[in-house]
Amino acid sequence: MNPVDLAFAPALKQSELIRRKEVSPLELVELYLERIQQFNSKLGSYFTVAAEQAIDDAKSKTEMLAKMEELPLFFGVPISIKDLNPVAGIPCSYGNAALLGNVPDYDDGVVAKIKQAGFIILGKTATSELGSFPYTEATGFPPTRNPWHLEYTSGGSSGGAASALAAGLCSIAQGSDGGGSIRGPAACCNLVGIKPSRGRITHAPVGDRLNGIATNGPLARTVADASALLDAMSGYVSGDSYWLPDPEKSFLTASKEKVENLRIAFCTSIPPLGEADSNTHQGVMQAVKLLEELGHSVEEKCPDISELVEPFQIVWQANVAASGVPVEILQPLNRWLLARNGSAGEYLRAVYQMQMVARKIVMFFDNIDVLVMPVYLHSPIRVGEWAALSPEETFENIIRWIAPCPAANATGQPAISLPVGFDDKGLPIAVQLISKPVAEHTIISLAAQLEAANPMYEKRPVSVSSEQ
């Protein structure tokens, strides 16, 4: 296998090659570090590259490979971590260059689970400041670009994770999603992204400050890779505010199971926020046609999320105040959001309203198994496209763009973003599948079925596919 093919190989395939001793962890790490050095300057995928730590870990795991009989599934496979999640000994900026001197002495709970699964951490990927925005243009850092078209965004706030993975600068990636921050970047970059159920993944050791709307989750090239990483990330840690029992079967198993006769609803309009543009509409209708051909029952039907918009905004913008980052170092839009922050009573009323609307949304699923929607309402924006707008104008644009995503955050339901094609600019098109509460297995099996019928993971961005 040549170096480029190896760099773009699925993480499970790389794991298999390591176990067969056809490639070593050190060889993989060195390959990715070379590609990061070659391409990161034009992509802005990583804020921090932990080359020394990664090489030391890879050397150790390469030596262990000859001695150990039982290995974790992802032993020696390189991964990236979003720069909202602390990793001991590596700077954590939270998307603000003034915080690059912040070097934690502990691992975030999900990072600890990732290490236990055998992964090697390559570095910290770019994020929007505090994870607030669906594009990744943090002050003090280069903007993060889409490998499929460098003039366009890779999404946000897990934009660096998606850019790095799509460009073959890591095997697989960790992200987080508080309003589409995994699903959106996955959609922008031809990747699979899973927002798991509330309580599936720990918030240890710090805890959750957004009333359960945010969660960590995987980005991957294939449904199987994403499912296996979700297995690795999942599980209760003592003291978690929300938790779910371990599933009876693994999510990786679900990605290999056949699913039949599902009741599926779809929609391409999110009143009162807008309708899908021609590209995203095309993606949904393409998926609907394929689902019908696969024998599923499909009808056009959508839950009413109009009453969710205002309370979700109030809860979401409270993240800026809760962060404790000094106002003088924040970007203008986050300063504006901070200034809008209301009283504790207003926040709690918004939480109550959001929970009431969430109940109605979940009831919509009493008679259906899966909802198919766009991920974002329109194609990726250009890098810097909204830079000259006022904070209020930018915020309104954000709300309309990400409109299909926040409902699953409010309800805590699982959702998956799946690539389905490309537009005439060469930018990816994707759909979002949302299932009943705690039913990741359903959308994973369905996504795998769609992926098998319309595989997109073998495609690579031309800008990073050559051996230069």
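## Exercises on a predicted model

The side chain of N146 lies 3.1 Å from the backbone oxygen of T153. The structure is a predicted model.

**Exercise 1.** Place N146 in the fold and decide whether N146 is buried or exposed.

*Solution.*
Step 1. Find the element: N146 belongs to strand β4, residues 145-146.
Step 2. Check the accessibility. N146 has 0% relative accessibility, so N146 is buried; the cut-off for buried is under 20%.
Step 3. List the neighbours. Leaving out residues up to four places away in sequence, N146 touches Y152, T153, S154, C188, C189 and L427.
Step 4. Return to T153. This contact partner of N146 also offers its backbone oxygen to the N146 side chain, at 3.1 Å.

**Exercise 2.** Work out which residues of helix α2 are buried, and where they sit around the axis.

*Solution.*
Step 1. Helix α2 spans residues 11-19, and its buried residues are A11, Q14, S15, L17 and I18.
Step 2. These residues cover an arc of only 160° around the axis, so they are on the same side of α2.
Step 3. Ask what covers them. The cover includes α1 (3-7), α3 (25-43), α4 (51-65), β2 (78-82), β6 (172-177) and α8 (223-233).
Step 4. Look past the helix. K21 follows α2 and has a positive phi, near 60°.

**Exercise 3.** Find how many disulfides the structure has, then examine C92 and C302.

*Solution.*
Step 1. Searching the whole structure gives 0 disulfides.
Step 2. C92 is in no disulfide; its nearest cysteine sulfur belongs to C170, 17 Å away. A disulfide needs two cysteine sulfur atoms within 2.5 Å.
Step 3. C92 has a relative accessible area of 0%, so C92 is buried.
Step 4. C302 has 33% relative accessibility and therefore counts as partly exposed.

Conventions: Residues are numbered from 1 along each chain as its sequence is written. This is a predicted model: local features need pLDDT of at least 70, side-chain atom pairs count only at pLDDT 80 or more; totals for chains, interfaces and linings use all residues. Side-chain values use heavy atoms; hydrogens and water are left out. Helices (H or I, at least four residues) and strands (E, at least two) are DSSP runs, numbered from the N terminus. Buried means under 20% relative accessible area, exposed over 50%, partly exposed in between (1.4 Å probe, protein chains only). A polar contact is a pair of N or O atoms within 3.5 Å; within protein, one must be able to donate a hydrogen and the other to accept it, and residues adjacent in sequence count only if both atoms are side-chain atoms. Contact means heavy atoms within 4.5 Å. The arc is that of the directions from the helix axis to the C-beta atoms.
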